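Take a walk through this model, one element at a time. Keep the structure open as you read.

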Amino acid sequence: MDRAPGPSVRLRLTLSYAGFLMVAGALLLAAVWLFLLRYVPERALIVPSGTPTTYDVFPVRSNLLRVFAPRAAGVMAFLLLFGLVGGWFLAGRMLAPLTRVTEATRRAANGSLSHRVRLPGRRDEFRELADAFDTMLARLDAHVAEQRRFAANASHELRTPLAISKALLDVARTDPRRDTGELLDRLHAVNARAIDLTEALLLVSRAEQRSFAREDVDLSLLAEEATETLLPLAEKHGIGIETSGGITPTTGSEALLLQLTMNLVHNAIVHNLPGQGHVWVGTAVLADTVALTVENTGEHLTPELAATLTEPFRRGTERVHSDHAGAGLGLAIVRTIAHAHDGTLTLTPRPSGGLRITVELPVSGAG
């Protein structure tokens, strides 16, 4: 934004300091006049002979004024000079932290998000501003890095089905006698995978922008709907599902929260022990939040591995059935939807194997 140039803050503070000193000096001189000089007689006094006196000479107000006025003017001039010089120095010292924040802001505007102010000293208004600015830069830096990594991974994931489709078409072109039915089936599967990935990317973008209307939602009903929808998949892999919990009211997008629940239950089914696994889906009302918990059997996971499963395109390939490899966005979508609803996502490995995932959302009507 273009603005007309104006006086600097340092100059305005300097003039303020000098003006304050001038006003204080003027008030002091006025006090001297009001409470001291007013009692000095305007004319010389005649003292009768023989009257005991301490002083032989009585001052006259006019004489005192002639002596006092030049010195008062000198004092005011000194206060003005002292106020300007001292004010300029003090303003510079006071505004030095702000200068560092401004420099960091310029660097951030030029794309350098790794720079930090790191203002030393005890906490005051400037240091609180610097700390808040450093926190903002750290979050922006992490967000930009995550977006770049997400874009790179998304490009790679989208390129894979396109490359497969191109290879299949090239093979069909060079071999006209190839079975077109098999080719169409493979192209259909590759195209479906690309569509699923694109829809997942759009869902992540929509949730991050929070471009959805909020309404009252009962997580227990969504859990029941998700388990009923995915029951055929669970039966196909020999996975048992149990649901429990009462009414858990929250506020948000019913479609997004249903997608969150579907992803959790789907992951719990496909990342499981085929033929002997189990999934537990539960809802509960806590102090000021509602919780959706999805727990499943499976292989043993380390806390370090569990902490990385919410990253986009992160797959536990050793735990996934080949026919449901997914796009690697299931838990990333869950995390994004949870954060968009001011909630939290917690992944905890089970001691006996598998994973326990808990989503906590604000209870409806709280805060």
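Start with helix 8, which is mostly covered: nine of its 11 residues are buried. This is a predicted model, so local features rest on residues with pLDDT of at least 70. The buried set in helix 8 runs Leu331, Ala332, Ile333, Val334, Arg335, Thr336, Ile337, Ala338 and Ala340. Arg335 and Thr336 are both part of that buried set. Just past the helix comes Asp342, with a positive phi near 60°.

Helix 8 also leads to a pocket. Which element gives the largest share of the lining of the second largest pocket? Helix 8 does, with four residues. The volume of this second largest pocket is about 230 Å³. Its lining counts 10 residues, and the closest to the centre are His143, Glu208, Thr336, His339 and Ala340. Two or more lining residues come from each of helix 3, helix 4 (180-209) and helix 8 (330-340). By character, the lining of the second largest pocket splits into two nonpolar, four polar and four charged residues. Thr336 and Ala340 thus appear twice: they are buried residues of helix 8, and they are among the lining residues closest to the pocket centre.

Now turn to helix 5. This helix covers residues 219-236, 18 residues in total. From first C-alpha to last, helix 5 reaches 26 Å, close to the 26 Å expected at 1.5 Å a residue. Where does helix 5 bend? The bend is at Leu230, by about 50°. A proline, Pro232, follows within four residues. Leu230 is itself buried. The other buried residues of helix 5 are Leu219, Ser220, Leu222, Ala223, Ala226, Thr227, Leu233 and Ala234. An α-helix has 3.6 residues a turn, so residues three or four places apart point the same way. Just after helix 5, Gly238 takes a positive phi of about 70°.

Next, the charged pairs. Side chains of opposite charge can pair when their charged atoms come close. How many salt bridges does the structure hold? There are five.

One of them joins Asp141 to Arg116, with the closest N and O atoms 3.9 Å apart. The cut-off for a salt bridge is 4 Å, so this pair qualifies. Asp141 sits in helix 3 (residues 125-174), while Arg116 sits in the loop between helix 2 (61-109) and helix 3, so the bridge ties together parts 25 residues apart in sequence. Is each partner buried or exposed? Asp141 is partly exposed, at 28% relative accessible area. Arg116 is buried, at 14%.

Another bridge pairs Glu295 with Arg350, at 2.7 Å from N to O. Glu295 belongs to strand 5 (residues 289-296), and Arg350 to the loop between strand 6 (344-349) and strand 7 (355-362), so the pair ties together parts 55 residues apart in sequence. Both ends are buried: Glu295 has a relative accessible area of 18%, and Arg350 has 16%.

Glu295 has a further partner. Its side chain meets that of Arg356 in a salt bridge of 3.0 Å, N to O. This pair links distant parts of the chain, with Arg356 in strand 7 and Glu295 in strand 5, 61 residues apart. Arg356 counts as partly exposed, at 36% relative accessibility. Through shared partners, Glu295, Arg350 and Arg356 form one salt-bridge network.

Terms used. Residues are numbered from 1 along each chain as its sequence is written. This is a predicted model: local features need pLDDT of at least 70, side-chain atom pairs count only at pLDDT 80 or more; totals for chains, interfaces and linings use all residues. Side-chain values use heavy atoms; hydrogens and water are left out. Buried means under 20% relative accessible area, exposed over 50%, partly exposed in between (1.4 Å probe, protein chains only). On a 1 Å grid over the protein atoms alone, a cavity is a set of points where a 1.4 Å probe fits but cannot get out, and a pocket is an open set with protein on both sides within 12 Å along at least five of seven lines; lining residues have an atom within 4 Å of a point. Grid points are joined across faces, edges and corners, and a volume is the space filled by probe spheres set on the points. Ala, Val, Leu, Ile, Met, Phe, Trp, Tyr, Cys and Pro count as nonpolar, Asp, Glu, Lys and Arg as charged, and the others, Gly among them, as polar. The expected span of a helix is 1.5 Å times one less than its number of residues. The bend at a residue is the angle between axes fitted to the seven residues ending there and the seven starting there.
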